[in-house]
Amino acid sequence: MRRFVALPATLIVAGILTLGITGVGAADDGGQLIIDGRVYLDPTGCYDDLVPPVTIHNDTGTTAYVYANDDCTGASETISPYGSTVSADGRSVRVMS
């Protein structure tokens, strides 16, 4: 009789743990920005003082902007969501949240 009680209880606990882990992962959807191999989790704002040429992987759901200025101002090149580029003159990158 004990076996029948233990098995459903084990399955319930396993289901709760699985849903808990999935819920945390689903809430964390900010993605990552990879600039010359350096990973920034849940990126937002300006990443500056880059030395061109710079390789950028935009693994977020929003557009990233690459600027030739150090302070994320001026004309920009865009990197679409989940896109990549190598910028010959990129000195800063902005990701809007």
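**View 1. Pro 53 sits in the loop between β3 and β4, and a cis peptide bond leads into this residue from Pro 52, with omega near -5°.** Strands here are DSSP runs of E with at least two residues, helices are runs of H or I with at least four, and both are numbered from the N terminus. This is a predicted model, in which local features need pLDDT of at least 70 and side-chain atom pairs count only at pLDDT 80 or more, while totals for chains, interfaces and linings use all residues. Residues are numbered from 1 along each chain as its sequence is written, and side-chain values use heavy atoms, with hydrogens and water left out.

**View 2. Pro 52 meets Asp 89 at 5.2 Å, C-alpha to C-alpha, with their positions 37 residues apart in sequence.** Asp 89 belongs to the loop between β7 (83-87) and β8 (92-95). Its relative accessible area is 47%, so Asp 89 is partly exposed (buried means under 20%, exposed over 50%, partly exposed in between, with a 1.4 Å probe and protein chains only).

**View 3. A patch of negative charge on the surface brings together Asp 48, Asp 49, Asp 70 and Asp 71.** Asp and Glu count as negative, Lys and Arg as positive, and His and the chain ends are not counted. Patch members have over 30% relative accessible area and no salt bridge, and like charges are joined within 9 Å; a salt bridge would put a side-chain nitrogen of Lys or Arg within 4 Å of a carboxyl oxygen of Asp or Glu. For Asp, the charge is placed at CG. Asp 48 is in the loop between β3 (45-47) and β4 (54-59), and its 38% relative accessibility makes this residue partly exposed.

**View 4. Tyr 40 and Tyr 47 form a tilted aromatic pair, 4.6 Å centre to centre with 50° between the planes.** A search of the whole structure finds one such pair. Rings of Phe, Tyr and Trp (its six-membered ring) pair if their centres lie within 6.5 Å; planes under 30 degrees apart are stacked, those over 60 are edge-to-face and the rest are tilted. Tyr 47 counts as buried because its relative accessibility is 16%.

**View 5. Two residues that are not glycine have a positive phi: Asp 42, at about 45°, and Tyr 82, at about 65°.** Asp 42 is in the loop between β2 (38-41) and β3 and is partly exposed, at 43%. Tyr 82 is in the loop between β6 (76-79) and β7, and at 59% relative accessibility Tyr 82 counts as exposed.

Key:
Patches are made of residues with over 30% relative accessible area and no salt bridge: like charges are joined within 9 Å, nonpolar side chains (Val, Leu, Ile, Met, Phe, Trp, Tyr) within 5 Å. Accessible areas come from the Shrake-Rupley method with a 1.4 Å probe; for residues, only the protein chains shown count as cover.
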